[in-house]
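Student: Please show me the structure, and let us discuss how its features are named.

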Amino acid sequence: MDIQGDDGLSKIYSHEQLIIEIPETAHKISSDSWFQVGFVLTTGINSAYVLGYSGAVMVPLGWVGGVVGLIAATAISLYANVLIARLHEFGGKRHIRYRDLAAYVYGPKAYSLTWILQYVNLFMINVGYIMLAGQALKAIYIIFRDDGAMKLPYFIAISGFTCAIFAICIPHLSALRIWLGVSTILSIVYIVTAVVLSLRDGIQSPPRDYSKPGTHTSKIFTIIGASASLATVRPPVVSNMIKALYFQFSVGVLPLYAVVFMGYWAYGNGASSYLLNNVHGPLWLKTFANISAFFQSVISLHIFASPLYEYLDTKYGIKGSALALRNFLFRIMVRGGYLSITTFVSAALPFLGDFMSLTGAISTFPLTFILANHMYLVAKENNLSCLQKSWHWLNVCFFAIMAVAAATAALRLIAVDSNTYHFFADM
């Protein structure tokens with residue numbers, strides 16, 4: 001049941017008849033085609049993060065584990081997203097936020113828990129994007145002046161400032177529009193460059209070492225951590241359009257596979273957590289690829305930060321013209337403050353692969369695999385066979401165990417790297 005209150009809040013009754021007050025969004029909805037939604041999702045899946053999977057996923061998992069793991073992660077992620085998409089309009093109500101749906105199915109406590117998990121997930125992904133943007137700027141600097149005068153934290157600070165400017169200028173997700181096309185072009189540039197130069201290096205290089213590095217104990221923790229990185233293949237955006245999801249997980253995922261597998265084939269266990277650091281080729285081409293990776297990271301960060309912006313804009317009633325003085329100043333203070341904190345964390349702990357693992361473990365696993373299966377189980381309980389119920393319970397239990405194991409492994413990796421490198425390290 002859904003009613004509109006006098007205070008502008010949408011009051012949703014859960015199946016337990018508990019009232020949850022949810023504000024109507026201050027951002028635009030229902031104005032984007034499935035094709036634009038598909039490009040938003042594909043922009044996320046082929047963001048500059050793809051340049052890190054060869055080192056973060058393939059090196060610890062190897063050929064068999066990496067290939068099977070990536071394909072399985074894609075299939076499982078698509079399945080989980082389709083489950084949520086089928087619940088997008090549930091109980092006579094269109095749930096525009098993931099936490100709204102959780103509140104309707106479970107009650108108010110689930111709303112708060114899902115809210116926390118979502119924003120932890122988004123924050124950590126945004127931390128990773130600023131790291132990537134900083135890595136891209138540093139790579140450009142090294143190409144022309146490798147004197148060590150400029151350290152990674154400086155480039156991360158520049159990246160954070162650029163992201164803040166972009167966030168202030170783009171009021172909401174639907175306003176991206178032309179930037180989605182720009183993002184696609186930028187993605188093509190660094191993906192094609194990475195694939196072509198990796199292919200050339202692989203052909204010209206002697207046989208590579210594909211063995212998994214580390215001691216027996218460290219291999220176990222690294223493998224578990226890498227399995228959590230696989231979960232970040234799926235961006236945490238809920239779509240109500242099955243077509244957009246199929247576009248994302250078919251056409252959209254092919255460039256990711258090309259970069260990841262080619263990078264690992266070319267460099268073996270020497271593959272970097274930022275693949276463009278490995279490739280050899282014309283300086284102008286490497287520079288162009290790194291510039292593309294930098295600006296694409298800025299756009300992608302905005303996509304993943306938009307749910308937080310929507311929440312804050314809605315909470316404080318930021319509506320109307322984006323150029324209105326109050327709205328403009330609000331974006332400067334709030335979005336600028338959020339990205340300042342994000343930038344500080346990125347510079348202090350620049351361990352990209354470790355953060356990819358921790359993100360997957362503590363938020364993407366629960367949101368994507370555990371909650372999606374259990375929510376569907378609860379919502380459709382009377383329409384599911386015994387076999388279907390068993391299948392969903394199996395997914396819930398398996399991924400709950402994986403989440404705990406992966407979080408433990410990721411925290412261990414961060415602790416090890418923190419002992420090896422100092423805060424604000426020049427990685």
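Tutor: The following exchange sets values against their definitions.

Tutor: This is a predicted model, in which local features need pLDDT of at least 70, side-chain atom pairs count only at pLDDT 80 or more, and totals for chains, interfaces and linings use all residues. Residues are numbered from 1 along each chain as its sequence is written, and side-chain values use heavy atoms, with hydrogens and water left out.

Student: What makes residues 283-315 a helix, and what span is expected of H10?

Tutor: A helix is a DSSP run of H or I with at least four residues, numbered from the N terminus. H10 has 33 residues. The expected span is 1.5 Å times one less than the number of residues; for H10 this is 48 Å, and the distance from its first C-alpha to its last is close to that, at 48 Å.

Student: Where does H10 bend, and how is the bend defined?

Tutor: The bend at a residue is the angle between axes fitted to the seven residues ending there and the seven starting there. At Ala 305 this angle is about 45°, and Pro 307 follows within four residues.

Student: Why is H10 described as largely enclosed by the rest of the structure?

Tutor: Buried means under 20% relative accessible area, exposed over 50%, and partly exposed in between, with a 1.4 Å probe and protein chains only. In H10, 25 of the 33 residues are buried, so the helix is largely enclosed. Among the residues of H10 is Tyr 309, which counts as buried because its relative accessibility is 2%.

Student: Why are Arg 335 and Asp 313 called a salt bridge?

Tutor: A salt bridge requires a side-chain nitrogen of Lys or Arg within 4 Å of a carboxyl oxygen of Asp or Glu. The closest N and O atoms of Arg 335 and Asp 313 are 3.0 Å apart, so the pair satisfies the rule. The pair links distant parts of the chain, with Arg 335 in helix H11 and Asp 313 in helix H10, 22 residues apart.

Student: Are these two partners buried or exposed?

Tutor: Arg 335 counts as buried because its relative accessibility is 2%, and Asp 313 counts as buried because its value is 4%.

Student: How many salt bridges does the rule give, and what is the accessibility of Arg 145 and Asp 147?

Tutor: The count comes to two salt bridges. One of them joins Asp 147 to Arg 145, with the closest N and O atoms 2.5 Å apart. Arg 145 counts as exposed because its relative accessibility is 51%, whereas Asp 147, at 40%, is partly exposed.

Key:
Helix = DSSP H or I, 4+ residues; strand = E, 2+ residues; numbered from the N terminus.
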